[in-house]
Amino acid sequence: MTQWMNIAYNEAILGMDHNEGGPFGAVIVCDGKVIAYAHNKVLKTNDPTAHAEINAIRKASDLLGRFDLSDCILYTTCYPCPMCMGAIFWARIPTVYYGATMEDAARGGFDDTKFYTMIQNPEQALDLRPLDGEKTKELFEKWLKKKERTIY
């Protein structure tokens, strides 16, 4: 096991041993140095978004003082779920090494296949209803007129 994946693995064990969440750990490395590591804390926090990858991205962004992690590498003990994949995209992390597969996760009780299917056609999976679009689209006009804005 590589040194980085070993850290992610040990994080997963730590989280499981403390009943904080499922068997997931993640590490973010930049320039050959560990920036952040985390494990799943869904059970501890009652936060369904507290996955290992997201927790690690939040820590790394906080420690580096930036949201763009395009010079970082993520190591995670399992293929990222759709939510984590979205966070990885938003953080601009270009390379992800993962251990267990989606099929392994499904056998362990974490079947993300349904979420990947739902994302392909969210209107069939959710009751999505437009509301107050005329007023709320003004927010984008105001954003574009804002002199000091950072596009991300």
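Is glutamate 20 buried or exposed? In this predicted model, glutamate 20 is buried, with a relative accessible area of 13%. That value falls in the buried class because the class takes in everything under 20%. Even so, the side chain of glutamate 20 has a partner: a salt bridge joins glutamate 20 to lysine 44, with 3.6 Å between the closest N and O atoms. This pair brings together distant parts of the chain, 24 residues apart. Glutamate 20 sits in the loop between helix H1 (3–17) and strand E1 (25–30), while lysine 44 belongs to helix H2 (residues 42–45). The two partners also differ in their surroundings, since glutamate 20 is buried and lysine 44 is exposed, at 52% relative accessible area. It helps to recall here that side chains of opposite charge can pair when their charged atoms come close.

The structure holds six salt bridges, and two further examples can be followed here. Aspartate 104 pairs with arginine 107, and the closest N and O atoms of this bridge are 2.4 Å apart. Here both partners are found in helix H5 (residues 102–107), and the three residues that separate them amount to about one turn of the helix. Aspartate 104 is partly exposed, with 32% relative accessibility, whereas arginine 107 is exposed, with a relative accessible area of 64%. The other example links glutamate 134 to lysine 137, with a distance of 3.2 Å between the closest N and O atoms. In this pair glutamate 134 is the exposed partner, at 59% relative accessibility, and lysine 137 is partly exposed, at 40% relative accessible area.

Attention now turns to threonine 76, a residue of strand E3 (residues 72–78). How much of its surface is accessible? Threonine 76 is buried, and its relative accessible area is 0%. A polar atom of the threonine 76 side chain lies 3.5 Å from the backbone oxygen of glycine 25. Leaving aside residues up to four places away in sequence, threonine 76 touches Met5, Gly25, Ala26, Glu53, Val96, Tyr97, Tyr98 and Gly99. Glycine 25 therefore appears both in the contact list, which rests on heavy atoms within 4.5 Å, and as the residue whose backbone oxygen lies 3.5 Å from the threonine side chain.

The model also contains pockets. Rolling a probe the size of a water molecule over the atoms shows where empty space is left. The largest pocket has a volume of about 440 Å³. Its lining is made up of 22 residues, and those nearest its centre are His51, Cys81, Pro82, Asp112 and Phe115. Helix H3 (52–64), helix H4 (82–91) and helix H6 (113–120) are the elements that each give two or more residues to this lining. Sorted by class, the lining of the largest pocket has 15 nonpolar, four polar and three charged residues.

The second largest pocket has a volume of about 180 Å³. It is lined by 13 residues, with Pro23, Phe24, Thr77, Cys78 and Ala100 closest to its centre. Two or more lining residues come from each of H1, E3 and H5. Among these elements, H1 gives the largest share, four residues. By class, the lining of the second largest pocket divides into ten nonpolar residues, two polar and one charged.

Definitions and conventions:
Residues are numbered from 1 along each chain as its sequence is written. This is a predicted model: local features need pLDDT of at least 70, side-chain atom pairs count only at pLDDT 80 or more; totals for chains, interfaces and linings use all residues. Side-chain values use heavy atoms; hydrogens and water are left out. A salt bridge is a side-chain nitrogen of Lys or Arg within 4 Å of a carboxyl oxygen of Asp or Glu. Buried means under 20% relative accessible area, exposed over 50%, partly exposed in between (1.4 Å probe, protein chains only). A polar contact is a pair of N or O atoms within 3.5 Å; within protein, one must be able to donate a hydrogen and the other to accept it, and residues adjacent in sequence count only if both atoms are side-chain atoms. On a 1 Å grid over the protein atoms alone, a cavity is a set of points where a 1.4 Å probe fits but cannot get out, and a pocket is an open set with protein on both sides within 12 Å along at least five of seven lines; lining residues have an atom within 4 Å of a point. Grid points are joined across faces, edges and corners, and a volume is the space filled by probe spheres set on the points. Ala, Val, Leu, Ile, Met, Phe, Trp, Tyr, Cys and Pro count as nonpolar, Asp, Glu, Lys and Arg as charged, and the others, Gly among them, as polar.
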